[in-house]
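Hello,

Here is the structure I promised to pass on. Please have a look at it first, and then read my notes below.

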Amino acid sequence: MELLDASAFIHEYDADGDIATIPAVEAELDGESAYRFDALEGGGMYIHVPEEAVVERVERTARESGDAAELSTTDVRLLAAAFELDARLVTDDYAMQNVAKRLDVRIELIAREGITEERDWEFQCAGCGREFDENKDRCPICGSDLARKNPS
């Protein structure tokens, strides 16, 4: 089974076999891609709502990797649905790919190349330059904003 992200509808991805998505994907679509969603739903596409416990597991994994701020609620729920259904997640989103790799969720790419390595992001204070392993609203030392930084 393939689980479709909004980009699959936008790029007219041609799925092989059974397909699924989540309700929130429909809200991200308009125009032709929204019509494509409706047509696939009418043709038997499965609409899945993931369990909250699995959503929480995905959120925890995203926080651990440093990708939480990059993922939308829809992204998290797509990852949870792919995990629950043991489906291939069809997406080009790099942050989703990074978290999916940690959850052993298979990825099918659409229009871009996939990630080449799994990353544990670091965060650096814009004021004092200190580095942190996890994201916070503000630097606990000087109060400045933190920015995600590629680990060395």
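The crossing of helices α4 and α6 is right-handed. On the α4 side, the contact is made by R57, V58, T61, A62 and S65, and they meet N98, V99, R102 and L103 of α6. Please keep in mind that this is a predicted model.

How do the two axes lie? Those of α4 and α6 come within 10 Å and cross at roughly 110°. That makes α4 roughly perpendicular to α6.

Now for α4 itself. This helix runs over residues 52-65, which is 14 residues. From its first C-alpha to its last it reaches 20 Å, close to the 20 Å expected at 1.5 Å a residue.

Which residues of α4 are buried? They are V54, V55, V58, T61, A62 and S65. These residues sit on the same side of α4, because they cover an arc of only 125° around the axis. There is a general background to this: an α-helix has 3.6 residues a turn, so residues three or four places apart point the same way.

What covers that buried side includes α5 (73-85) as well as α6 (94-103). The face of α4 turned away from the buried side carries A53 and E64, which are exposed.

One last detail for when you follow the chain onward: α4 is followed by G66, and the phi of G66 is positive, near 90°.

If you would like to start somewhere, try V58, T61, A62 and S65 in α4: they are among the buried residues, and they are also among those in contact with α6.

Happy viewing, and best wishes

Technical notes
Residues numbered from 1 in each chain as written. Predicted model: local features only at pLDDT ≥ 70, side-chain atom pairs only at ≥ 80, totals over all residues. Heavy atoms only, no water. Helix = DSSP H or I, 4+ residues; strand = E, 2+ residues; numbered from the N terminus. Expected span 1.5 Å × (residues − 1). Buried < 20%, exposed > 50% of the residue type's maximum accessible area, 1.4 Å probe, protein only. Arc of directions from axis to C-beta. Contact = heavy atoms within 4.5 Å. Axes fitted to C-alpha atoms, helices over the stretch in contact; angles between N-to-C directions. Parallel < 35°, antiparallel > 145°, perpendicular 65-115°, else oblique. Left-handed = near helix turned anticlockwise from the far one by under 90°.
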